[in-house]
Amino acid sequence: MRILSFDIGGTNIRAASADVGGQTGPVGRLGTPASDHKAFFNCLIDRIAQEPNPPEAIAISIAGVVNPRNGTMIAANIPAIHGTNFAEDLQQQVELPVYVSNDADCFAVAEANLGAGRGHDIVFGIILGTGVGGGLAVHGGLINRNGGYAGEWGHGPVSPRIAGDPPVALPSIPCGCGLSGCLDTVVGGRGLERLHEHLHQEVRQAPDIINGWRSKERSACRTMEIYLDVISGPLAMAVNLTGATVVPAGGGLASAHDLLVEIDRAVRPLTLANPDHPLVVPAASGPEPGLSGAALIAAQAMAQASC
Ligand SMILES: [Zn+2]
């Protein structure tokens, strides 16, 4: 069975043919008509029509969440479909089954089946990108196949208000989700920059802060010490809660593997299991976990439907 897989972000759409095992062909790129409903659909429909071997299903990874109550999209970065029943609308137009999944959920499923989560029953995949995301896969399958917020460890008022040694007070920062004090506000790339600015009144980009930490710059080291203190408790709690035995990490910040080693070192002793093997590890499912994961989720849903 051939699946046409899309990975849709606020700026770009990537597309590739995929098989039921999540293996993808060459990847094409398109700009996202993020604010124009008609142009957005035409873009996808045109790409589907160009496929040399007509696909049997459309799988979509998207920077948004499907509201499990009514199937509508919550996608602030893509106003063209925000609040609409995207999957149903596209399905009607292309007359193919359409499966839409959150990008972090796709990442978790890709990692569980093709990456660092292989051989583990419970995989908690985390994204350390501009913000923070996460997804939970059990026995290779997503636990929230109908959408929803499972695995979203970045939101909720759980960010510590005091961290580091010596301790420093941290602000409770308003988050895009409507709450204040979310981990997302201080732990993604933007959060790391915010944390550094709060501590040192200095504006620096996240990669520059990480490089400063590598060079043992005092201010950057202090920021990273606070960062590790802030991220480790909530992540250990997520591990306890899910029973995950591996936490593959993806996204821009996670490309700093030395940072992941330090996060792992900080998190493991705070978990009840305190495993003797690395818990937080680099993603290993390849360069397109969104495309692979979306195809796997679609294939699993179709297999279940045909039982
Ligand atoms: Zn939030």
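Here is a short walk through one helix and several salt bridges of this structure. Keep in mind along the way that the model is predicted.

Let us begin with helix α7, which covers residues 218-242. How far apart should the ends of its 25 residues be, at 1.5 Å a residue? The expected span is 36 Å, and the end C-alpha atoms are indeed 36 Å apart, so the two values agree. Even so, α7 has a bend of about 25° at Ser232. If you look a little further along, you will meet a proline, Pro234, within four residues of that bend. Just after the helix comes Gly243, with a positive phi of about 75°.

Now step back to the loop between α6 (206-214) and α7, where you will find Glu217. Its side chain meets that of Arg204 in a salt bridge, at 2.9 Å from N to O. Arg204 belongs to the loop between α5 (189-200) and α6, so this pair ties together parts that are 13 residues apart in sequence. Are the two partners buried or exposed? Glu217 is partly exposed, because its relative accessible area is 32%. Arg204 has 11% relative accessibility, under the 20% cut-off, and therefore counts as buried.

That pair is part of a wider set, as a search of the whole structure finds 11 salt bridges. Another one joins the side chains of Glu288 and Arg14, with 2.8 Å from N to O. Glu288 sits in the loop between β14 (280-282) and α9 (289-305), while Arg14 is in strand β2 (residues 12-18), so the contact links parts that are 274 residues apart in sequence. Glu288 counts as buried because its relative accessibility is 9%, and Arg14, at 23%, counts as partly exposed.

For a salt bridge inside a single helix, turn to α8 (residues 257-267), which holds both Glu262 and Arg265. Their side chains meet at 3.1 Å, N to O. The two are three residues apart, about one turn of the helix. Why does such a spacing suit a contact along a helix? An α-helix has 3.6 residues a turn, so residues three or four places apart point the same way. Glu262 is partly exposed, with a relative accessible area of 23%, whereas Arg265 counts as exposed at 54%.

Finally, return to Glu288 and Arg14, because there is one further thing to see there: salt bridges with shared partners join Asp7, Arg14, Arg29 and Glu288 into one network.

Terms used: Residues are numbered from 1 along each chain as its sequence is written. This is a predicted model: local features need pLDDT of at least 70, side-chain atom pairs count only at pLDDT 80 or more; totals for chains, interfaces and linings use all residues. Side-chain values use heavy atoms; hydrogens and water are left out. The expected span of a helix is 1.5 Å times one less than its number of residues. The bend at a residue is the angle between axes fitted to the seven residues ending there and the seven starting there. A salt bridge is a side-chain nitrogen of Lys or Arg within 4 Å of a carboxyl oxygen of Asp or Glu. Buried means under 20% relative accessible area, exposed over 50%, partly exposed in between (1.4 Å probe, protein chains only).
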